[in-house]
Amino acid sequence: MTTRLIYCILLICFSNICTTAYAAKCKAKHVVLIGFDGWGSYSVEQAEMPIVKELMESGSYTLRKRSVLPSSSAVNWASMFMGAGPELHGFTTWGSKSPDLPSRELTHYGLFPSIWGLFRDANPKAEVGYIYQWDGFEYFAEMPAMSYTCHGKSDTLVAQKAVDYIIEKKPVFLGVFFDEPDHVGHQIGHDTEAYYKKMNQLDGFLAGIINALKEAKIWDDTILIVTSDHGGIEKGHGGKTMAEMETPFIIAGKGIKKGYVIEDSMMQFDVAPTIAHIFGLKTPQVWIGRPMKNAFK
Ligand SMILES: [Zn+2]
């Protein structure tokens, strides 16, 4: 009986130590990163996006996160995931499928270190999901590091797959990347009625994802990030105007300040270190990004 009692006490102590150590290391158990390709900060005030605005009020944000140059897709998604600029990771154009100059460093994945591989190496058994609309996403993240990948061919499909996956697997780290409003921006134009209509639809998809996190009962232990690679002007992007270069960065959820405007300078490559900060990961020396620590309570 005494042995059994001692065993029970030890077990309780041990599990408390584990819980405490884990809690001290991680700011939240789950991170969901949502990207809207071509979503410029210029559009936020005018856009009918009630969910995004609710997240801005209940969380922290900046509308002044800058793209790296050129203000194009692959180079910016790579910088967002890889914690460094094109001079270091080597993806330099809108559609780079491999580094255009040698990456300064390669990991065992044969790729410049990104947040995905970094997280996987520290958490071999965690559920990691990567759902994307543009197949370009297959080149600047460590695909073998993912538990689940899904190439959804429409934004509706991407949203549906994300909802189903969240409810079924309760991922620890999930990326959901829509290829809009970039298409509308190119075909009809930025800052047009069609562009705002698309933003309103994307806001609805965001609502569905948040509801799924609640249904999966992980919402209270989740940090949600909503951001973009670049904005746009007229029917394009890639240039040096602020309409093309400034994108929103919204972070909300467990342990995040409410209604806080991030005044610190933020670059595209500061996103990965901010996620590393949430998960308590040591960042590679080759990264130059900084975590947005002031957004945390
Ligand atoms: Zn893009």
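In this short presentation I describe the sheet, one helix and the zinc site of a predicted model.

I begin with the sheet. Eight strands form an open sheet of mixed pairing, in the order S4-S3-S5-S1-S6-S7-S2-S8. Its edges are strand S4 (148–151) and strand S8 (260–261), each of which pairs on one side only. Within the sheet, S1 and S6 pair in the parallel sense over 6 bridges, and Gly35 stands opposite Thr227 in S6.

Two helices should be mentioned alongside these strands. Helix H10 packs on the sheet, where it touches S1, strand S2 (60–66), S5, S6 and strand S7 (246–253). The direction of H10 makes about 165 degrees with that of S1. Helix H8, residues 193–215, lies across S1, S5 and S6 and runs at about 170 degrees to S1.

I turn next to helix H5, residues 115–122, which is mostly covered, with 6 of its 8 residues buried. The buried residues are Ile115, Trp116, Gly117, Leu118, Phe119 and Arg120. They pack against strands S1, S3 and S5 and against helices H3 and H10. At the N-terminal end of H5, Ser114 acts as a cap: one of its side-chain oxygens lies 3.0 Å from the backbone nitrogen of Trp116.

Finally, the zinc ion. Which protein atoms are its donors? Asp37 appears twice through OD, and the others are Ser73 (OG), Asp229 (OD) and His230 (NE2), lying 1.9 to 2.7 Å from the ion. Ser73 belongs to helix H3 and Asp229 to the loop between strand S6 (222–227) and helix H9 (242–245), so this pair ties together parts 156 residues apart in sequence. Both Ser73 and Asp229 are buried.

Conventions: Residues numbered from 1 in each chain as written. Predicted model: local features only at pLDDT ≥ 70, side-chain atom pairs only at ≥ 80, totals over all residues. Heavy atoms only, no water. Buried < 20%, exposed > 50% of the residue type's maximum accessible area, 1.4 Å probe, protein only. Helix = DSSP H or I, 4+ residues; strand = E, 2+ residues; numbered from the N terminus. Contact = heavy atoms within 4.5 Å. Polar contact = N/O pair within 3.5 Å; in protein donor to acceptor, adjacent residues only side chain to side chain. Donors = N, O, S within 2.8 Å, 3.2 Å for Na, K, Ca; no water. Pairing = 2+ DSSP bridges. Axes fitted to C-alpha atoms, helices over the stretch in contact; angles between N-to-C directions.
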